[in-house]
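Me: I am new to this structure and would like a close look at a single part of it, the place where its two domains meet. Please take me through that part step by step.

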Amino acid sequence: MASGHRLLLENARQVVLVCARGERFLARDALRSLAVLEGASLVVGTDGLIKAIGPADAIRKQFSGETFEERIDCSGKCILPGLVDAHTHPVWAGERVHEFAMKLAGATYMEIHQAGGGINFTVEHTRQASEEELFISLQQRLQCMIRAGTTLVECKSGYGLSLDMELKMLRVIERARRELDIGISATYCGAHSVPKGKTATEAADDIISNHLPKLNELGRSGEIHVDSIDVFCEKGVFDLDSTRRILQNGKDIGLQINFHGDELHPMKAAELGAELGAQAISHLEEVSDEGIAAMATARCSAVLLPTTAYMLRLKQPRARKMLDEGVIVALGSDFNPNAYCFSMPVVMHLACVNMRMSMPEALAAATINAAYALGKSHTHGSLEVGKQGDLIIISSSRWEHLIYQFGGHHELIEYVIAKGKVIYKK
């Protein structure tokens, strides 16, 4: 259809815009209340972008003679932005359910890792899997995320570690980016673990002299599109110096810095990220006060992962301190074989209960601020004219039910829409 519009959502009880003034993120006092319209309608054009949002009567008048490919009556329902998951590891083979039993019995993450389990176990199985097998399982996992309301997701490599195997994972992510309805931000995480037989310094050298030049070449030719670079900066994995070298070299070829820091030990990773101009740092369970202050000043977002702290029985990241200091707080599911969670509504609930965030703070962290962490908040993360028409419709009279009903998102979410196209209907 050349003329007309793709989608009209009419008469919603609430439309949660999140932002209304083009903000790239929300911090400090801006988080006290989100922009919400009552009794409103929304129009998405054939280009997949939002054309109008406003009182139902005004929209009805404005578009009275227009045609729509689809109209949905949202009476008594709420419209929210599609959720953004700012941290996942969704490409892998080999279940680690046996390790969950070990953790429940008291084994620590690093004990399992040093015994050849953890990331190393997944690397072995992922290396053996074919590209097609990895794609099929990725597709199924992303479909589960869509059903839980996610419309934009960050996907990391990092279970290959060698150049060939990392490229295999990145090709799988690239194929998903081109073929599937969900939005994907790709992250190269070749420094996820130190490969067997190498020191951290040798692994860093290999990444800098071999992996990154190849990624740069494939990016220039348009074969693989990578947005960000990640390193697991941790005691016994990559130290601060190796981390700095890898991230700086990634930044030099145009990648955003978005890395794992201060998770199990205080490493001064937050200070390093602020200094390097990182877009985002994840985990931060052990971040220092100085690191928090540095991130706030540098507008480096904190991607907090309540599922990981919960499942590994770690102390929770200090979300309240970060919010009070003006850090841009985002959320991710950390979906991986060690933290098997597809659902951002569950993540938001845990963030509120375990990290003491308010519901508006949690929703902003799973929409506009998560989009900011991926460098995409100019196009995603809120319902504003000109932004991509990614949204969810829930069957309740108040948006807070999405967080309040713990594990209830399957019943609540009626539609998931990307670029104005229905990609899931209950």
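Reply:
**Where the two domains meet**

The UniProt annotation "domain: Amidohydrolase-related", from an unreviewed entry, covers residues 79-421; such positions are given in the numbering used here, feature names are shortened, and annotations may be inferred rather than shown by experiment. This is a predicted model, in which local features need pLDDT of at least 70 and side-chain atom pairs count only at pLDDT 80 or more, while totals for chains, interfaces and linings use all residues. Residues are numbered from 1 along each chain as its sequence is written, and side-chain values use heavy atoms, with hydrogens and water left out.

The domain assignment gives domain 1 (5-81 + 382-425) and domain 2 (83-374), with bounds that come from an automatic or database domain assignment. The C-alpha centres of domain 1 and domain 2 lie 29 Å apart, and the contact (heavy atoms within 4.5 Å) takes 33 residues from domain 1 and 31 residues from domain 2.

Between domain 1 and domain 2 the buried area is about 2700 Å², with 73% of it given by carbon and sulfur atoms; buried area is the accessible area (1.4 Å probe) that two parts lose on being put together, summed over both. On the side of domain 1, Phe-25, Leu-31 and Ile-403 lose the most area to domain 2, together 24% of what that side buries.

Of these residues, Phe-25 can be followed further: its place is in the loop between S1 and strand S2 (35-44), where strands (E, at least two residues) and helices (H or I, at least four) are DSSP runs, numbered from the N terminus. Not counting residues up to four places away in sequence, Phe-25 touches Arg-299, Ile-328, Ile-368, Asn-369 and Tyr-372.

Turning to polar pairs, the rule finds one salt bridge across the interface of domain 1 and domain 2, a salt bridge being a side-chain nitrogen of Lys or Arg within 4 Å of a carboxyl oxygen of Asp or Glu. Asp-181 forms a salt bridge with Lys-421, and their closest N and O atoms are 3.0 Å apart.

As for secondary structure, the elements that give two or more residues to the side of domain 1 that touches domain 2 include strand S1 (5-18), helix H16 (401-404) and strand S15 (413-418). Among the elements on that side, S15 gives the most, with four residues.
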